[in-house]
Amino acid sequence: MPSPKNPTLAEFYVYRLEVSGIPFYVGLGRSSRASDRLRYVRSLMAKADRGEPVKWSISCAVVAGLLQSGCDVTVVYPSTNLTRSAADAAERTEIARLVATGTTLANIHHNSSRPRSARDVIRAVLTELKMVGTAPAAARL
């Protein structure tokens, strides 16, 4: 994320990546960071398909795995128009809230239940989708 010219401006937000309402990642951003995540992951997938080396972060690997399983990944904005410090606090609060409800998140930072791998997060999301009956036909555990 590019550095802001003024971190005291209320131009930040907290976002969640979700599949059918099931969150799996919480982040903070400004400008088009959240909306560009899917485009970025798709570009990494295309690079990997061409046989080029890709260094996958857990969150990007989770998005790629869910997309490959036929899931529709969406972005939700629970908090907007925040200063950088308020967005940091809101991100931590949202992660803690979701972890307390048993949600498996791909987040490494601020996550007291860090995932061991992207596969663990993908499996948790697909299992939840099957439980609510919204798993895509291509989804396999």
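Helices (H or I, at least four residues) and strands (E, at least two) are DSSP runs, numbered from the N terminus. The exercises below use these elements.

The structure is a predicted model, in which local features need pLDDT of at least 70 and side-chain atom pairs count only at pLDDT 80 or more, while totals for chains, interfaces and linings use all residues. Residues are numbered from 1 along each chain as its sequence is written, and side-chain values use heavy atoms, with hydrogens and water left out.

**Exercise 1. The loop between helix 3 and helix 4**

Task: Locate G102 and N111, and decide whether each is buried or exposed.

Solution.

Step 1. G102 is found in the loop between helix 3 (84-100) and helix 4. N111 has its place in the loop between helix 3 and helix 4 too.

Step 2. Buried means under 20% relative accessible area, exposed over 50%, and partly exposed in between (1.4 Å probe, protein chains only). G102 has a relative accessibility of 58% and therefore counts as exposed. N111, at 4%, counts as buried.

Step 3. Consider next the polar contacts of N111, a polar contact being a pair of N or O atoms within 3.5 Å; within protein, one must be able to donate a hydrogen and the other to accept it, and residues adjacent in sequence count only if both atoms are side-chain atoms. The side chain of N111 reaches the backbone oxygen of N107 at 2.9 Å. A polar atom of that N111 side chain also lies 3.4 Å from the backbone oxygen of L105.

Step 4. Contact means heavy atoms within 4.5 Å. Leaving aside neighbours within four places in sequence, N111 is in contact with I95, V99 and L105.

Step 5. For G102, a spatial relation can be added: its C-alpha atom is 9.2 Å from that of S113, and the two residues are 11 apart in sequence.

**Exercise 2. The nonpolar cores**

Task: State how many residues the largest nonpolar core has, and which elements give two or more residues to it.

Solution.

Step 1. A nonpolar core is a set of buried Ala, Val, Leu, Ile, Met, Phe, Trp, Tyr and Cys residues joined through side-chain atoms within 4.5 Å.

Step 2. The largest such core has 28 residues, and V19, F24, V62, L66, V73 and V125 are those with the most contacts inside it.

Step 3. Two or more residues come from each of strand 1 (12-19), strand 2 (22-30), helix 1 (33-49), helix 2 (58-68) and helix 4 (118-132).

Step 4. Another core, of 10 residues, lies apart from it; F12, V26, V99 and L105 are among its members.

**Exercise 3. Helix packing**

Task: Describe how helix 2 packs with helix 4 and how helix 1 crosses helix 2.

Solution.

Step 1. Axes are lines fitted to C-alpha atoms, for helices over the stretch in contact, and angles run from 0 to 180 degrees between N-to-C directions. Angles under 35 degrees count as roughly parallel, over 145 as roughly antiparallel, 65 to 115 as roughly perpendicular and the rest as oblique.

Step 2. Helix 2 and helix 4 have axes 9 Å apart and pack at an angle of about 45 degrees. Helix 2 is therefore oblique to helix 4.

Step 3. In this pair, I58, A61, V62, G65 and L66 of helix 2 meet A118, V121, I122, V125 and L126 of helix 4.

Step 4. The axes of helix 1 and helix 2 cross at roughly 80 degrees and come within 10 Å, so these helices are roughly perpendicular to each other.

Step 5. Here R37, L38, Y40, V41, R42, L44 and M45 of helix 1 meet S59, C60, V63, A64, L67 and Q68 of helix 2.

**Exercise 4. E18 and S57**

Task: Give the place of E18 and of S57, and state which side chain or backbone atom each reaches.

Solution.

Step 1. E18 lies in strand 1 and, at 8% relative accessibility, counts as buried.

Step 2. The side chains of E18 and R16 are joined by a polar contact of 2.7 Å. Not counting residues up to four places away in sequence, E18 touches P23, F24, D72, V73, T74 and V76.

Step 3. S57 has its place in the loop between helix 1 and helix 2 and is partly exposed, with a relative accessible area of 35%.

Step 4. The S57 side chain reaches the backbone nitrogen of C60 at 3.2 Å.
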